[in-house]
Amino acid sequence: MAGQIRYALGGDDIWRKPALQQLASTQDLKRKEDGFSPSRPESSTIKMAEAVISAIKRDYLPIPFVSASADGGITLEWHKPASRLTINIRAIGEVGYFGVRESGYTCEGELKHGNFDFINEVVDILLVR
Amino acid sequence: MPKQTIPPVPVQSVDDDRIQPTDILLRLIPIEHYPIDPNTGRRFVASSAFNISRKGVSVLRKGMADGVIQQLFPDFGIAEMTAHEIRKAGCVIAIEEDLGFAHWPRDSHAVVYKQSDTQPKAKLKDRQIHALTYLANKGMRKEPKIP
């Protein structure tokens with residue numbers, strides 16, 4: 001069901017399967033035009049989110065919160081006590097990320113289609129180290 | 001003949017000065033964008049509330065759309081932020097009709113775009129999405145109805 005929380009109880013875990021389950025649940029959403037409710041993403045956006053998830057090599061990460069935005073974008077969001085990472089797959093087909101650590105360190109950028117490998121560096125800095 | 005470079009003409013900003021810095025703008029938060037943080041056990045506004053690229057981020061001017069919110073969005077949470085905070089995050093605010101949703105009273109609906117010298121209605125970058133998400137978490141005034 002869309003919006004259902006599927007987090008494990010903190011800590012690191014095999015994260016990919018629950019992330020993909022959350023992603024699949026966005027296909028149950030309706031298309032809405034009110035500007036606030038989550039809206040069913042296009043299949044191309046879902047595929048791009050799947051490609052981002054597949055590109056991340058680490059098996060043990062916290063389970064991200066995966067949700068659809070009001071225009072059918074998809075966000076993957078990891079929270080750790082001292083850091084956060086958000087990957088935004090936009091409905092218009094772009095992928096960007098923003099990460100922040102408690103120390104004030106931030107990083108942001110765009111990920112190029114077909115070459116999402118760079119996200120592994122960002123994941124390591126924000127979610128592993 | 002040397003090639004002449006024509007400097008880009010700055011575009012007219014869509015930022016609307018009818019919205020004063022202290023004016024409060026509302027972002028409605030559905031329960032799907034208000035999950036539980038496993039680290040703290042507390043709910044938070046997810047960044048997906050602001051990951052909108054096709055038409056900008058809708059906000060409502062406080063006090064101008066209460067009837068429609070109560071009638072059509074009774075279960076939604078409400079996050080408040082000032083116009084100053086939104087602009088400080090690198091955004092502009094334009095009072096616009098929502099062409100996809102005709103119920104908002106006149107001039108009550110506004111759209112947040114990224115501030116840009118070259119595009120009047122630039123889409124938000126991840127930095128702005130992050131900043132607006134932070135503001136929404138800070139300014140959460142009413143929680144969505146939790147099923």
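Begin by selecting helix 3 of chain A, residues 119-128, in this predicted model, and colour Ile119(A), Val123(A), Leu126(A) and Leu127(A), which are the buried residues to look for in this helix. Because these residues cover an arc of only 90° around the axis, they come to lie on the same side of helix 3 of chain A. Turn the view to the other side of helix 3 of chain A, and there you will find Glu121(A) and Asp124(A), which are exposed.

Next, keep the buried residues of helix 3 of chain A on screen and add what they pack against, namely helix 2 (43-55), strand 2 (60-61), strand 4, strand 5, strand 6 and strand 7 (106-111) of chain A.

Now show both chains and move to the place where they touch, a contact that takes 35 residues from chain A and 28 residues from chain B. On the side of chain A that touches chain B, the elements that give two or more residues are strand 3 (65-68), strand 4 (74-80), strand 5 (83-89) and strand 6 (95-101) of chain A. If you colour this side of chain A by residue class, its residues divide into 16 nonpolar, 12 polar and 7 charged.

Then hide chain A and look at chain B alone, whose C-alpha atoms fill a box of roughly 70 × 40 × 30 Å along the principal axes. Chain B holds 3 helices and 6 strands, and if you follow the chain from the N terminus, its elements come in the order β-β-α-β-α-β-β-α-β. Of the 147 residues in chain B, buried residues make up 40%.

Select the strands of chain B, and you will see an open sheet of 6 strands in the order 4-5-2-1-3-6, with antiparallel pairing. Strand 4 (91-95) and strand 6 (140-142) of chain B stand at the edges with a single partner strand each, so one side of each is left without a neighbour in the sheet. Neighbouring strands of this sheet are turned by 40° against each other on average, direction ignored.

Zoom in on one of the edges, where strand 3 (residues 77-82) of chain B pairs with strand 6 of chain B in the antiparallel sense over 2 bridges, and where Ile78(B) stands opposite Lys142(B) in strand 6 of chain B.

Finally, add helix 3 of chain B, residues 126-138, which lies across strand 1 (24-29), strand 2 (57-61), strand 3, strand 4, strand 5 (109-114) and strand 6 of chain B, and which runs at about 110° to strand 3 of chain B.

Terms used: Residues are numbered from 1 along each chain as its sequence is written. Chains are lettered from A and ligands numbered from 1 in the order in which they are written. This is a predicted model: local features need pLDDT of at least 70, side-chain atom pairs count only at pLDDT 80 or more; totals for chains, interfaces and linings use all residues. Two residues are in contact if their C-beta atoms, placed from the backbone, lie within 7 Å. Helices (H or I, at least four residues) and strands (E, at least two) are DSSP runs, numbered from the N terminus. Ala, Val, Leu, Ile, Met, Phe, Trp, Tyr, Cys and Pro count as nonpolar, Asp, Glu, Lys and Arg as charged, and the others, Gly among them, as polar. A residue is buried if 20 or more other C-beta atoms lie within 10 Å of its own, exposed if 12 or fewer, and partly exposed in between; C-beta atoms are placed from the backbone. The arc is that of the directions from the helix axis to the C-beta atoms. Two strands pair if DSSP finds at least two bridges between them. Axes are lines fitted to C-alpha atoms, for helices over the stretch in contact, and angles run from 0 to 180 degrees between N-to-C directions.
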